[in-house]
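Here's a quick briefing to read alongside the model. Have the sequence and the 3D view open as you go.

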Amino acid sequence: MSGIHNKKRNPLPAIIVLLLILIPSVISGVNNHSSDKASVDTVKNNGSNMVVHFLDVGQGDSEFVELPGGKCMLIDAGTADYSQSIIDYISSCGYSTVDYVVATHPHADHIGGMSDIIDAFAVGEIYMPKVSANTKTFERLLTAVSNQGITINTAKAGREIYSNSNMKLEFLAPLSSNYDDLNNYSAVLKITYGKNAFLFTGDAEDVSENEMLESSYQKLSADVLKIGHHGSSSSATPAFLKAVSPRYAVISCGVDNAYGHPHSETLNRLERFGIEIYRTDTVGTVTVSCDGNDGFDIKYEAQ
């Protein structure tokens with residue numbers, strides 16, 4: 001996986017490359033809300049941006065979040081095949097400690113690489129929903145957590161990870177203690193920074209979305225939405241999209257995956273709502289930098 005975020009890059013060539021990318025779009029008036037062009041708004045250089053990396057981990061999920069003030073967070077870790085790539089990526093961003101780890105739910109495409117990552121970094125806090133899985137992948141994760149002497153915090157609606165006057169990290173789901181489908185146990189995390197917000201939904205499907213609509217409708221609004229369950233038709237319902245009302249949507253899925261993700265129904269819904277779509281299967285890792293004051297800078301690997 002090639003890195004997008006490079007803090008030591010010479011600024012002059014980067015500006016020239018950015019102009020070459022933007023000029024054709026300005027001339028042609030492109031604003032088609034698809035993933036083949038990057039829409040880049042001006043980001044104020046305030047030295048305290050939040051940067052979210054939606055990592056290309058094939059048919060899986062993993063997001064690495066650089067928080068203002070120097071701390072960082074990992075949400076999910078793809079399958080075991082991608083653990084070293086994630087470790088290398090985090091290290092390339094300059095981190096030896098991961099302050100917060102969130103395992104949204106115990107499916108292998110979300111926690112497969114997490115045990116290796118916990119072994120590789122000092123970890124501050126870890127959050128998981130109160131559900132288990134009878135798999136070796138889940139057992140390896142618990143062993144890694146135990147070896148580091150970390151206490152697992154329960155991820156559930158209403159729980160805050162961190163909060164100050166300008167930032168809040170809070171869980172909006174799960175809201176129930178029992179679901180028929182493991183996907184609906186997914187920890188749904190909202191990060192609010194200044195005027196802006198990101199919503200990370202794991203594999204949450206319509207059951208969980210409907211619960212959130214009933215319990216916390218006013219909290220769902222976000223600028224960037226990580227689409228649930230890799231763009232499955234069972235997630236991102238019209239009512240949920242209306243409540244979140246995102247400008248940008250990111251779908252994490254593998255090239256030509258066996259599940260047909262993202263489903264055409266989901267893509268059609270996103271397009272009807274005028275939401276700009278970024279897919280890791282077509283553009284690779286997507287990096288969104290946000291200044292908390294409506295400034296967004298979006299880059300992707302295939303750019």
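Is Asp281 buried or exposed? Asp281 comes out as buried, because its relative accessibility is 15% and the cut-off for buried is under 20%. Keep in mind that this is a predicted model, so every value below is computed from predicted coordinates. The bullets start with the charged pairs, then move on to strands, helices and rings.

**Salt bridges**

- The count of salt bridges comes to seven.
- One of them joins the side chains of Arg279 and Asp281, with N and O 2.7 Å apart. Arg279 is itself buried, and sits on the side of strand S13 that also holds Ile277.
- Lys219 and Glu170 meet through their side chains in another salt bridge, at 3.6 Å from N to O. Lys219 belongs to the loop between H6 and S11 while Glu170 is in strand S8 (residues 167-173), so this pair ties together parts that lie 49 residues apart in sequence.
- The two ends of that bridge sit in unlike surroundings: Lys219 is partly exposed, with a relative accessible area of 41%, whereas Glu170 counts as buried at 8%.
- As a general point, side chains of opposite charge can pair when their charged atoms come close.

**Around Asp223**

- You'll find Asp223 in the loop between helix H6 (206-216) and strand S11 (224-226). Asp223 counts as buried because its relative accessibility is 12%.
- Asp223 has a salt bridge to Arg247, and the closest N and O atoms are 3.1 Å apart. Arg247 lies in the loop between helix H7 (238-244) and S12, so here the pair ties together parts 24 residues apart in sequence.
- Arg247 counts as partly exposed, at 31% relative accessibility.
- Bring in Asp294 and you have a network: salt bridges link Asp223, Arg247 and Asp294.
- The Asp223 side chain also makes a polar contact with the side chain of Asn196, at 3.2 Å.
- Leaving aside residues up to four places away in sequence, Asp223 touches Lys195, Asn196, Ala197, Pro246, Arg247, Tyr248 and Phe296.

**Lys226 in strand S11**

- Lys226 is placed in strand S11, and at 1% relative accessibility Lys226 counts as buried.
- Which residues does Lys226 touch, not counting residues up to four places away in sequence? Its contacts include the acidic residues Asp61 and Glu63, along with Phe54, Phe200 and Val250. Leu199, Thr201 and Gly202 are also among them.
- Lys226 and Asp203 are 23 residues apart along the chain, and their C-alpha atoms are separated by 9.8 Å.

**Strands S12 and S13**

- Strand S12 (residues 248-251) pairs with S13 in the parallel sense, over four bridges. Within that pairing, Val250 has Tyr278 of S13 as its bridge partner.
- Getting from S12 to S13, the chain passes through helix H8 (residues 264-272), and this β-α-β crossover is right-handed.
- S13 (residues 276-279) is covered on both faces: Glu276 and Tyr278 are buried on one side, and Ile277 and Arg279 are buried on the other.
- For background, side chains in a regular strand alternate between the two faces of the sheet.

**Helices**

- Which residues of H6 are buried? They are Ser208, Glu209, Glu211, Met212, Leu213 and Ser216.
- Those buried residues of H6 pack against S8, strand S9 (188-193) and H7.
- Over in helix H5 (residues 136-147) you'll find Leu142, which is partly exposed, with a relative accessible area of 35%.
- Leu142 and Met114 are 28 residues apart in sequence, and C-alpha to C-alpha they are 9.9 Å apart in space.

**Aromatic rings**

- The tally of aromatic pairs is eight. Among them is Tyr179 with Tyr185, an edge-to-face pair at 5.0 Å centre to centre, with 80° between the planes.
- Tyr179 and Tyr185 are both buried.
- Elsewhere, ring pairs join Phe54, Phe198, Phe200, Tyr248 and Phe296 into a cluster.
- That cluster ties in with residues met above: Tyr248 and Phe296 touch Asp223, and Phe54 and Phe200 touch Lys226.

Terms used:
Residues numbered from 1 in each chain as written. Predicted model: local features only at pLDDT ≥ 70, side-chain atom pairs only at ≥ 80, totals over all residues. Heavy atoms only, no water. Phe/Tyr/Trp six-rings, centres within 6.5 Å; stacked < 30°, edge-to-face > 60°. Buried < 20%, exposed > 50% of the residue type's maximum accessible area, 1.4 Å probe, protein only. Helix = DSSP H or I, 4+ residues; strand = E, 2+ residues; numbered from the N terminus. Polar contact = N/O pair within 3.5 Å; in protein donor to acceptor, adjacent residues only side chain to side chain. Contact = heavy atoms within 4.5 Å. Pairing = 2+ DSSP bridges. Right-handed = clockwise from strand over helix to strand, strands pointing away. Salt bridge = Lys/Arg side-chain N within 4 Å of Asp/Glu carboxyl O.
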